[in-house]
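Here is a friendly note to read alongside the model. Take the points in order and keep the 3D view open as you go.

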Amino acid sequence: MTMPDLRRAGAVKQVVKQVVKRAAKTMTALWVAAALAGAPVFAAETKLATTIVIDNFSFSPAQLSVAAGATVTWENHDDMPHTIVNDATPREFRSAPLDSGEHFSQTFSKPGTYKYFCSIHPHMTGTIVVK
């Protein structure tokens, strides 16, 4: 093989790797969506800690109910950076941009409804209900 052929083969290998990774994420998301198809609008109330997964440009679960004093952790499983920003004025919480594999936690001590979004991708929204 000539040097341009080797470079082209390396580039193709990288593209195939990315396609396989995205396909695996899509299949996982479809599996989770199918499993949650019969789930209630709000996930079951938790004790003191729970996790929201950021993947495929969405928060999962998008709506969550927790007890006062609970800590919610968002984990970014996407290839793109995302933020978690409370939409209240003044803001009660705001994360720095989270790269893939990074996380952000917030403890909710007061009952109420806390809406949030990704400031990089504003169509991504979620709600935490604290009881």
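1. A word on terms before we look. Two strands are said to pair if DSSP finds at least two bridges between them. Please also keep in mind that this is a predicted model.

2. Let's begin with the sheet. Four strands make it up, in the order S3-S2-S5-S7; the sheet is open and its pairing is mixed. At the edges sit strand S3 (58–60) and strand S7 (103–108), each of which pairs on one side only. From one strand to the next, the twist averages 25°.

3. Now look at one side of the sheet. Strand S2 (residues 49–55) pairs with S3 in the antiparallel sense, over three bridges. If you would like to find one pair yourself, start at valine 53: its bridge partner in S3 is serine 60.

4. Next, try the pairing of S5 with S7. These two strands run antiparallel and are joined by six bridges. Threonine 71 is a good place to look, with threonine 107 in S7 as its bridge partner.

5. Stay with S7 for a moment: which of its side chains are buried, and which are not? Phe104, Gln106 and Phe108 point to one face and are buried. His103, Ser105 and Thr107 point to the other face and are not buried. The side chains thus alternate along the strand.

6. What about the nonpolar core? As background, nonpolar side chains tend to be buried together in soluble globular proteins. In this model the largest nonpolar core has 19 residues, and those with the most contacts inside it are Phe59, Trp74, Ile84 and Ile128. Two or more residues come from each of S2, strand S4 (63–66), strand S5 (70–76), S7, strand S8 (112–117) and strand S9 (125–130). Which strand gives the most? That is S5, with three residues.

7. Histidine 121 deserves a visit of its own. You will find histidine 121 in the loop between S8 and S9. Is this residue buried or exposed? Histidine 121 counts as buried because its relative accessible area is 14%, and the cut-off for buried is under 20%. Its side chain makes a polar contact of 3.0 Å with the side chain of histidine 82. Leaving aside neighbours within four places in sequence, histidine 121 is in contact with Phe57, Met80, Pro81 and His82.

8. Phe57 takes us to the loop between S2 and S3, where phenylalanine 57 is found. Phenylalanine 57 is partly exposed, with a relative accessible area of 31%. Asparagine 56 is in the loop between S2 and S3 too. Phi is near 55° for asparagine 56, and phi of phenylalanine 57 is also near 55°. Why point this out? Most residues other than glycine have a negative phi, so these positive values are worth a check in the viewer.

9. Finally, please look at two peptide bonds. The one from serine 60 to proline 61 is cis, with omega near 0°, and proline 61 lies in the loop between S3 and S4. Another cis peptide bond joins threonine 89 and proline 90, where omega is about 0°. Proline 90 is in the loop between strand S6 (85–86) and S7. For context, most peptide bonds are trans.

Terms used
Residues are numbered from 1 along each chain as its sequence is written. This is a predicted model: local features need pLDDT of at least 70, side-chain atom pairs count only at pLDDT 80 or more; totals for chains, interfaces and linings use all residues. Side-chain values use heavy atoms; hydrogens and water are left out. Axes are lines fitted to C-alpha atoms, for helices over the stretch in contact, and angles run from 0 to 180 degrees between N-to-C directions. A nonpolar core is a set of buried Ala, Val, Leu, Ile, Met, Phe, Trp, Tyr and Cys residues joined through side-chain atoms within 4.5 Å. Buried means under 20% relative accessible area, exposed over 50%, partly exposed in between (1.4 Å probe, protein chains only). A polar contact is a pair of N or O atoms within 3.5 Å; within protein, one must be able to donate a hydrogen and the other to accept it, and residues adjacent in sequence count only if both atoms are side-chain atoms. Contact means heavy atoms within 4.5 Å.
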